[in-house]
Amino acid sequence: MPVSIDRSRSLQELESARWPASPADATYVVATVHALRSKPVGTLTVEDLRLLIGQDVGLPVLLTLAVEVLRDNPLAAGDMDEGDLLRAVLTRNPAVWSAYADLAEQLTLAVGGLSGLSPDLLSAIERFVGSVRSP
């Protein structure tokens, strides 16, 4: 079932949850995650999605957006390596995917024909597919 997301709204607005300001001595990741939560989700880059998803932030919204990107380009890259968004998405806790079976199936189809992958990405795909297909 497709999820309708108002892409002009931020995670803060969509989740109806404002986080306190990040501490002055916050790490780059913490400060960036806090800042990205106030950005309209429709303007988030592949790198923004990778970072937020990797921190388990906004998954109900961001997994939908990430799978849209990955259907078109399974090896979409943020600032790290080719396939880094895919790696972030695949390595979420398998329990998360039980709530998003339709997205898991779309992702399984998107990665089904990939070849020439690094061993770690191939392993992440195999673990993901195995976890979402297990009873």
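Here are a few worked exercises on how the helices pack in this predicted model.

**Exercise 1. Work out how H4 lies against H7: what is the angle between their axes, and what class does it fall into?**

Step 1: Start with what to look for. Two packed helices are described by the angle between their axes and the distance between the axes.

Step 2: Get the numbers. The axes of H4 (residues 59–72) and H7 (residues 101–111) come within 9 Å, and they cross at roughly 20°.

Step 3: Assign the class. Angles under 35 degrees count as roughly parallel. That makes H4 roughly parallel to H7. The crossing of H4 past H7 is left-handed.

Step 4: Look at who is touching. H4 brings Leu63, Thr64, Val67, Leu70 and Arg71, and these meet Leu103, Gln106, Leu107 and Ala110 of H7. Sorted by class, this contact has six nonpolar, two polar and one charged residues.

**Exercise 2. Do the same for H3 and H4: which residues make the contact, and of what classes are they?**

Step 1: H3 (residues 46–54) packs with H4 at an angle of about 135°, and the two axes are 10 Å apart.

Step 2: The two helices are therefore oblique to each other. H3 passes H4 in a left-handed crossing.

Step 3: From H3, the contact uses Val46, Leu49, Leu52 and Ile53, while H4 supplies Leu59, Leu62, Leu63, Leu65, Ala66 and Val69. By class, that gives ten nonpolar residues, with no polar and no charged ones.

**Exercise 3. Take H4 by itself: how far does it reach, which of its residues are buried, and what covers them?**

Step 1: Check the length. H4 has 14 residues and spans 20 Å from its first C-alpha to its last, close to the 20 Å expected at 1.5 Å a residue.

Step 2: List the buried residues. They are Leu59, Val61, Leu62, Leu63, Thr64, Leu65, Ala66, Val67 and Leu70.

Step 3: Find the cover. It includes H1 (11–15), H3, H5 (84–90), H6 (94–98) and H7.

**Exercise 4. Move along to H7 and H8: at what angle do they pack, and which residues meet?**

Step 1: H7 and H8 (residues 119–133) pack at about 140°, with 11 Å between their axes. H7 passes H8 in a left-handed crossing.

Step 2: On the H7 side you'll find Ala104, Glu105, Leu107, Thr108 and Val111, meeting Ile125, Phe128, Val129, Val132 and Arg133 of H8. These residues divide into seven nonpolar, one polar and two charged.

**Exercise 5. Three single residues to sort: are Arg37, Asp48 and Gly116 buried or exposed?**

Step 1: Recall the cut-offs. Buried means under 20% relative accessible area, and exposed means over 50%.

Step 2: Arg37 sits in the loop between H2 (28–36) and H3. Its relative accessible area is 1%, so Arg37 is buried. Leaving aside neighbours within four places in sequence, Arg37 is in contact with Ser10, Leu11, Gln12, Glu15, Ala17, Trp19 and Val57.

Step 3: Asp48 lies in H3. At 11% relative accessibility, Asp48 counts as buried too. Not counting residues up to four places away in sequence, Asp48 touches Leu36, Lys39 and Thr43.

Step 4: Gly116 is in the loop between H7 and H8. With 83% relative accessibility, Gly116 counts as exposed. Gly116 and Ser38 are 78 residues apart in sequence and, C-alpha to C-alpha, 37 Å apart in space.

How values were computed: Residues are numbered from 1 along each chain as its sequence is written. This is a predicted model: local features need pLDDT of at least 70, side-chain atom pairs count only at pLDDT 80 or more; totals for chains, interfaces and linings use all residues. Side-chain values use heavy atoms; hydrogens and water are left out. Axes are lines fitted to C-alpha atoms, for helices over the stretch in contact, and angles run from 0 to 180 degrees between N-to-C directions. Helices (H or I, at least four residues) and strands (E, at least two) are DSSP runs, numbered from the N terminus. Angles under 35 degrees count as roughly parallel, over 145 as roughly antiparallel, 65 to 115 as roughly perpendicular and the rest as oblique. A crossing is left-handed if the near helix is turned anticlockwise from the far one by less than a right angle, and right-handed if clockwise. Contact means heavy atoms within 4.5 Å. Ala, Val, Leu, Ile, Met, Phe, Trp, Tyr, Cys and Pro count as nonpolar, Asp, Glu, Lys and Arg as charged, and the others, Gly among them, as polar. Buried means under 20% relative accessible area, exposed over 50%, partly exposed in between (1.4 Å probe, protein chains only). The expected span of a helix is 1.5 Å times one less than its number of residues.
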